[in-house]
Amino acid sequence: MAENKAVYYGTGRRKNAVARVRVMPGSGKVTVNGKDAKHYFGREALMIFLNGPFRTTETVDAFDVIASIKGGGISGQAGALRHGISRALLDAGDYRDVLKKAGMLTRDDRMVERKKAGLKKARKRPQFSKR
């Protein structure tokens with residue numbers, strides 16, 4: 001028989017990455033796409049970044065995270081995971097004020113600007129030649 005544990009869900013987005021996150025009471029283990037988060041992201045800075053909601057709410061090592069992330073690069077995926085964890089923690093306890101003040105509930109809407117015709121990149125122009 002399965003244990004009846006509380007599971008909290010949240011969806012986070014950043015750039016082109018979308019993270020579907022499940023947060024449940026546990027020991028602080030973070031799993032992303034079936035791998036340990038330390039191996040998945042590889043950089044310690046990204047691990048510190050995505051654990052921000054737990055440090056802000058003082059719940060480090062109190063919840064386990066299982067996430068499925070699609071799209072984007074590792075930096076965008078870490079941002080999406082952080083946003084998803086923050087949204088899931090809203091259901092887990094009375095953390096809204098703390099997370100809102102820290103700016104973790106706001107979706108970062110910055111996206112890559114599209115390339116325009118006649119330009120090399122979004123804004124970079126070809127070199128001007130007088131003759």
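The exercises below, each with a worked solution, concern a predicted model.

**Exercise 1. Helix H4**

Compare the expected span of helix H4 with the distance between its end C-alpha atoms.

*Solution.*
Step 1. Helix H4 covers residues 74–92, which gives 19 residues.
Step 2. The expected span is 1.5 Å times one less than the number of residues, and for helix H4 this comes to 27 Å.
Step 3. The end C-alpha atoms of H4 are 26 Å apart, which agrees with the expected span.

**Exercise 2. Buried residues of H4**

List buried residues of H4, and decide whether Ile-74 is buried, partly exposed or exposed.

*Solution.*
Step 1. Buried means under 20% relative accessible area, and exposed means over 50%.
Step 2. The buried residues of H4 include Gly-76, Gln-77, Ala-78, Gly-79, Ala-80 and Leu-81. Further along, His-83, Gly-84, Ile-85, Ser-86, Ala-88 and Leu-89 are also among them.
Step 3. Ile-74 is placed in helix H4 too. Its relative accessible area is 32%, so Ile-74 is partly exposed.

**Exercise 3. The surroundings of Ile-74**

Find which residues Ile-74 contacts, leaving aside its neighbours within four places in sequence.

*Solution.*
Step 1. With those neighbours set aside, Ile-74 is in contact with Phe-41, Arg-43 and Leu-46.
Step 2. For a separation in space, take Ala-17: the C-alpha atoms of Ile-74 and Ala-17 are 8.8 Å apart, while the two residues are 57 residues apart in sequence.

**Exercise 4. The salt bridges of Asp-108**

State which residues form salt bridges with Asp-108, and give the N to O distances.

*Solution.*
Step 1. Side chains of opposite charge can pair when their charged atoms come close. The cut-off for a salt bridge is 4 Å.
Step 2. Asp-108 and Arg-14 form a salt bridge at 3.5 Å, N to O. Arg-14 belongs to strand S1 (residues 8–14) and Asp-108 to the segment after helix H5 (96–102), so this pair ties together parts that are 94 residues apart in sequence.
Step 3. Asp-108 also forms a salt bridge with Arg-110, at 2.8 Å, N to O.
Step 4. Now compare accessibility. Arg-14 is buried at 16%, Asp-108 is partly exposed at 24%, and Arg-110 is exposed at 53%.

**Exercise 5. Glu-113, Arg-123 and the network**

Describe the salt bridge between Arg-123 and Glu-113, then name the residues joined into one network by shared salt-bridge partners.

*Solution.*
Step 1. The closest N and O atoms of Arg-123 and Glu-113 are 3.0 Å apart. Both residues lie in the segment after H5, ten residues apart.
Step 2. Arg-123 has a relative accessible area of 63% and is exposed, whereas Glu-113, at 37%, is partly exposed.
Step 3. Shared partners join Arg-14, Asp-108 and Arg-110 into one network.
Step 4. In total the structure holds four salt bridges.

**Exercise 6. The contacts of Arg-14**

Give the contacts of Arg-14 beyond its neighbours within four places in sequence.

*Solution.*
Step 1. Arg-14 is in contact with Gly-76, Gly-79 and Ala-80, among others. These three also appear in the list of buried residues of H4.
Step 2. Arg-107, Asp-108 and Arg-110 are also among the contacts of Arg-14.
Step 3. The side chains of Arg-14 and Asp-108 are joined by a polar contact of 3.5 Å as well.

**Exercise 7. The largest pocket**

Give the volume of the largest pocket and say which elements line it with two or more residues.

*Solution.*
Step 1. The volume is about 230 Å³.
Step 2. Of the 14 lining residues, Gly-28, Val-30, Met-47, Asn-51 and Asp-61 are the closest to the centre of the pocket.
Step 3. Helix H1 (37–41), helix H2 (44–50) and helix H3 (52–56) each give two or more residues to the lining.

Technical notes: Residues are numbered from 1 along each chain as its sequence is written. This is a predicted model: local features need pLDDT of at least 70, side-chain atom pairs count only at pLDDT 80 or more; totals for chains, interfaces and linings use all residues. Side-chain values use heavy atoms; hydrogens and water are left out. Helices (H or I, at least four residues) and strands (E, at least two) are DSSP runs, numbered from the N terminus. Buried means under 20% relative accessible area, exposed over 50%, partly exposed in between (1.4 Å probe, protein chains only). A salt bridge is a side-chain nitrogen of Lys or Arg within 4 Å of a carboxyl oxygen of Asp or Glu. A polar contact is a pair of N or O atoms within 3.5 Å; within protein, one must be able to donate a hydrogen and the other to accept it, and residues adjacent in sequence count only if both atoms are side-chain atoms. Contact means heavy atoms within 4.5 Å. On a 1 Å grid over the protein atoms alone, a cavity is a set of points where a 1.4 Å probe fits but cannot get out, and a pocket is an open set with protein on both sides within 12 Å along at least five of seven lines; lining residues have an atom within 4 Å of a point. Grid points are joined across faces, edges and corners, and a volume is the space filled by probe spheres set on the points.
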